[in-house]
Amino acid sequence: MKYAYYPGCSAESTARDLHSSSIAVARRLSIELIEPDGWSCCGATPAHQTDRLLAASLPAFNLILAMEMGLDMVVNCAECFSRLKMTNHEVVNHTEIRKQIGATIGRDYDGSVNVRHFIEILLEDVGIDFLQDKFTHSLSGLKVACYYGCLLVRPQEITQFDNPENPVSMDRLINVMGGESLDWPHKVECCGAGLALTRTDVVVHLADSIIGMAKDAGADCIAVACPLCQANLDMRQSDINNEKGRHYDMPIVYISQLLGLCLGISMDALGLRKLMVSPSCVIHAVSAVV
Amino acid sequence: MTIRIKKGKAVKNIISAVEELAGVDLSECYQCKKCSCGCPVSGHTKSPPSEIIRRLQLGAGDEILSSDIIWICSSCETCFARCPMGIDMASVMDALRVLAVKRQAAKPKGDIPLFNRAFLKTVNMFGRTYDLVMIAAYKMGTLTFMNDMDKFPSMLKKRKIAILPPRGADKKTVKRIFDSVSHK
């Protein structure tokens, strides 16, 4: 299995742990991830809030790189995933935008690159049975609240990822790993990550309601797939505790880190020490499969 | 919800500009308010999404560009996902942001337009985001140096943020993209 892999900017800064754990997991499963030479930022939210053409052109350049490699593009970051998929939609439905992009970049893009999230690759291409055979360790009943956030699942017409109100992709992975995925109502609520710096007052409320709900559901940790959700929910806990008098100590762990633990990959390779809230309860739960 | 419309004043309504930029038909909205009920920031804004649409339908002018929702909206897309008429409200918000910046509406709390400029500036310069410089530029512009400073030492210690600028992007192409948009 071979894919063009779009790391996204956060992979080099705030989400090195997501990047390194995904790479380690892919290697263990013989998935070949190739970074397109010269990939650039997708523009994220600031681009689509500023200019529609800019918001389509930046991802289009990266899609062109994947198209020239003749490979599907695998993405980890939910924001990048959403912007790349949106660009495919824009290019296919608006010839004017396609023309303008072609004129600027000097290469035509027809919207044909298949953009897929890392989780989709695991479930659809690798398969649950193959994964199960590869696991050397188990989460032994660890209670996990899977949090999908916004941009993986919305808008459904664009992302075509699972169910927009009650996705279960990560839950399936957790259960195969021997954990217990929880049925809880805040799987796709917004944590406000985009406003983390600008409207911290709003973000504290949103993150508080998500972590509080996971705690009430009995979660030992929250599993995430998006670097923005991770950073926001992980780093805001101290502020929430101070401002709202809570006592949160909820590890916010990437699904790729949990997979890595079950594949017997070391803590350092998975970047588990980078998390702000210590994931010690997660690590203690992991036991060898006999 | 009470909406006051000033009568007798020649206000140039902006609904057609919004509809064109967003590619939507706002006359399709019948005010079921699903967007406002699902909106995560409804409780933090004076005018939730359905009210914005109603105001536009009733002929709102540039004054609507100072509504706080425009910049509190986190672009989570719940409104679009749940709209029974399939109105892309997230794009309506983007259109209102573009118009707000263009027509110099009042600076919103938190100055998100400045954050967006700082973010895109580093992308234009390096081809990828450079968190450290982006955050510094935003904090300088808003004089909020002390916010989140308590987190910085542990972020550095855990190498949770890159110190050096990003390398490897095709900067030339990225610059060309930015130039083409600014000369549009």
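Here a visitor and a guide talk through a predicted model of two chains, A and B.

Visitor: Which secondary structure elements make up chain B, and how many are there?

Guide: Happy to start there. Read along the sequence, chain B follows the pattern α-α-α-α-α-α-α-α-α-α. The count for chain B is therefore zero strands and ten helices.

Visitor: What share of contacts in chain B, between residues at least 6 apart in sequence, join residues at least 24 apart?

Guide: Some context on chain B helps. Its C-alpha atoms fill a box of roughly 55 × 40 × 35 Å along the principal axes, and 40% of its 184 residues count as buried. For contacts between residues at least 6 apart in sequence, the share that joins residues at least 24 apart is 68%.

Visitor: What distance separates the centres of the domains of chain B?

Guide: The domain assignment divides chain B into domain 1, residues 15–102, and domain 2, residues 112–182. Taken over C-alpha atoms, the centres of domain 1 and domain 2 of chain B are separated by 29 Å.

Visitor: What are the expected and actual spans of helix α7 of chain B?

Guide: Helix α7(B) covers residues 112–126, which is 15 residues. At 1.5 Å a residue that should give 21 Å, and the end C-alpha atoms agree with this, lying apart by 21 Å.

Visitor: Which elements are included in what covers the buried residues of α7(B)?

Guide: The buried residues of α7(B) include B:Phe115, B:Phe119, B:Leu120, B:Val123 and B:Phe126. Just after the helix, B:Gly127 takes a positive phi of about 85°. The cover for those buried residues includes α2 (44–48) of chain A, and from chain B α4 (69–72), α8 (131–142) and α10 (171–182).

Visitor: Which helix supplies the largest share of the side of chain A that touches chain B?

Guide: The contact takes 44 residues from chain A and 47 residues from chain B. On the chain A side, α2, α3, α5 (95–105) and α10 (200–216) each supply at least two residues. By class, that side has 20 nonpolar, 16 polar and eight charged residues. The largest share of the side of chain A that touches chain B is five residues, and they come from α3(A).

Visitor: Is A:Asn62 buried or exposed?

Guide: A:Asn62 sits in helix α3 of chain A, residues 52–69. Leaving out residues up to four places away in sequence, A:Asn62 touches A:Tyr6, A:Pro36, A:Trp39, A:Ser40, A:Cys42 and A:Leu84. A:Trp39 is 23 residues away in sequence, yet the C-alpha atoms of A:Asn62 and A:Trp39 are 5.7 Å apart. Because A:Asn62 has 29 C-beta neighbours inside 10 Å, and 20 are enough, its class is buried.

Visitor: Why is α1(A) described as largely enclosed by the rest of the structure?

Guide: Helix α1(A) runs over residues 16–28 and reaches 18 Å from its first C-alpha to its last, close to the 18 Å expected. Its buried residues, among them A:Leu18, A:Ile23 and A:Val25, pack against β2 (32–34), α6 (118–126), α11 (227–235), β9 (252–254) and α13 (255–262) of chain A. The helix is largely enclosed because, of its 13 residues, the number buried is eleven.

Visitor: Which strands stand at the edges of the open sheet in chain A?

Guide: Four strands form this sheet with parallel pairing, in the order β7-β6-β8-β9. An edge strand has a single partner, so one side of it is left without a neighbour in the sheet; the strands placed like this are β7(A) and β9(A).

Visitor: Which residue in β9(A) stands opposite A:Ala223?

Guide: A:Ala223 belongs to β8(A), where A:Cys221 and A:Ala223 point one way, A:Ile222 and A:Val224 the other way, and all are buried. Three bridges join β6(A) to β8(A), with A:Cys146 opposite A:Ala223. Three bridges also join β8(A) to β9(A), in parallel. In β9(A), the residue opposite A:Ala223 is A:Val253.

Note on methods. Residues are numbered from 1 along each chain as its sequence is written. Chains are lettered from A and ligands numbered from 1 in the order in which they are written. This is a predicted model: local features need pLDDT of at least 70, side-chain atom pairs count only at pLDDT 80 or more; totals for chains, interfaces and linings use all residues. A residue is buried if 20 or more other C-beta atoms lie within 10 Å of its own, exposed if 12 or fewer, and partly exposed in between; C-beta atoms are placed from the backbone. Two residues are in contact if their C-beta atoms, placed from the backbone, lie within 7 Å. The expected span of a helix is 1.5 Å times one less than its number of residues. Ala, Val, Leu, Ile, Met, Phe, Trp, Tyr, Cys and Pro count as nonpolar, Asp, Glu, Lys and Arg as charged, and the others, Gly among them, as polar. Domain bounds come from an automatic or database domain assignment. Two strands pair if DSSP finds at least two bridges between them.
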